[in-house]
Amino acid sequence: MLGLKLATDPRWVNIVESNIEEILTDHAWCEQKAASNAISLVTYNSELEELVTEMLVIAREELEHLQMVHNVIKKRGLTLGRERKDHYVNELFKFMKKDGSRKDALCDRLLFSAMIEARSCERFKVLSENIKDEELAKFYRDLMISEAGHYTTFLGFARKYADNVDVDKRWKEWIEYEGSIITNYGKNETVHG
């Protein structure tokens, strides 16, 4: 369904299990950034009523996920660490087209968002199937379903608002680019690391 070029090596979970506090902290900040992204889409596209309505739903869901992760952190007696940079997302951001019309830029921003959700969904699936901690396995299985919904929502809006963009062609370019950079990741106890 996701069409990613490279699957995450399940051995990545061994790295994650060595530092649960780090993966949970990183995950919490990923949810905060996802909520901020949805709010930014509202801010810059306030005239698009359907998009605004759905991005507000996604922003609320992402904040709920942040709260859920924070609750897991507290329950385990861990500490929510400081915000981390997400080098994977920063590399994806560089691929986003900055020229063209506002609608073209919106289309690429939506594809950028879909790509992040797709990889997050895939990582949560790997965690849910491989982590030894049963509570976290269920937690990540539930979140995987939500991330898949966000992925399809962003992709659907990219198709809806594209003016001069062949969305399927551009999505394939995103898939190829992501496949070329993801080989640098999967070595740290972070969601995209």
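Before I start, one definition: a helix axis here is a line fitted to C-alpha atoms over the stretch in contact, and angles between axes run from 0 to 180 degrees between N-to-C directions. Thanks for coming, everyone. What you see above is a predicted model, and I'd like to talk about one helix pair and a few salt bridges.

Let's begin with the helices. Two packed helices are described by the angle between their axes and the distance between the axes. For α5 and α6, the axes come within 8 Å and cross at roughly 160°. Angles over 145 degrees count as roughly antiparallel, so α5 is roughly antiparallel to α6. As for who sits in that contact, its residues divide into 20 nonpolar, 4 polar and 5 charged. And if you like handedness, the crossing of these two helices, α5 and α6, is left-handed.

Now to the charges. Side chains of opposite charge can pair when their charged atoms come close. How many salt bridges does the structure hold? The count is 19, and I've picked three to show you.

Stay with α5 for the first one. R119 and E122 join their side chains in a salt bridge, at 2.9 Å from N to O. These two are 3 residues apart in helix α5, which spans residues 102-130, so about one helical turn separates them. Are they buried or exposed? R119 has a relative accessible area of 0%, so it is buried. E122 is buried too, with a value of 10%; the cut-off for buried is under 20%.

The second one takes us to α6. There is a salt bridge between E50 and K160, with 2.5 Å from N to O. Because E50 lies in helix α3 (residues 49-75) and K160 in helix α6 (residues 134-161), this pair ties together parts that are 110 residues apart in sequence. E50, at 42% relative accessibility, counts as partly exposed, and K160 is also partly exposed, at 47%.

My third pick is R76 with E135, a salt bridge whose closest N and O atoms are 3.2 Å apart. Here R76 sits in the loop between α3 and α4 and E135 in helix α6, so to speak distant parts of the chain, 59 residues apart, linked by the pair. R76 is partly exposed at 27% relative accessibility, and E135 is partly exposed at 36%. This pair also has company: K75, R76, D133 and E135 are linked in a network of salt bridges.

That's my tour. Happy to take questions!

Methods:
Residues numbered from 1 in each chain as written. Predicted model: local features only at pLDDT ≥ 70, side-chain atom pairs only at ≥ 80, totals over all residues. Heavy atoms only, no water. Salt bridge = Lys/Arg side-chain N within 4 Å of Asp/Glu carboxyl O. Helix = DSSP H or I, 4+ residues; strand = E, 2+ residues; numbered from the N terminus. Buried < 20%, exposed > 50% of the residue type's maximum accessible area, 1.4 Å probe, protein only. Parallel < 35°, antiparallel > 145°, perpendicular 65-115°, else oblique. Left-handed = near helix turned anticlockwise from the far one by under 90°. Nonpolar A, V, L, I, M, F, W, Y, C, P; charged D, E, K, R; others polar.
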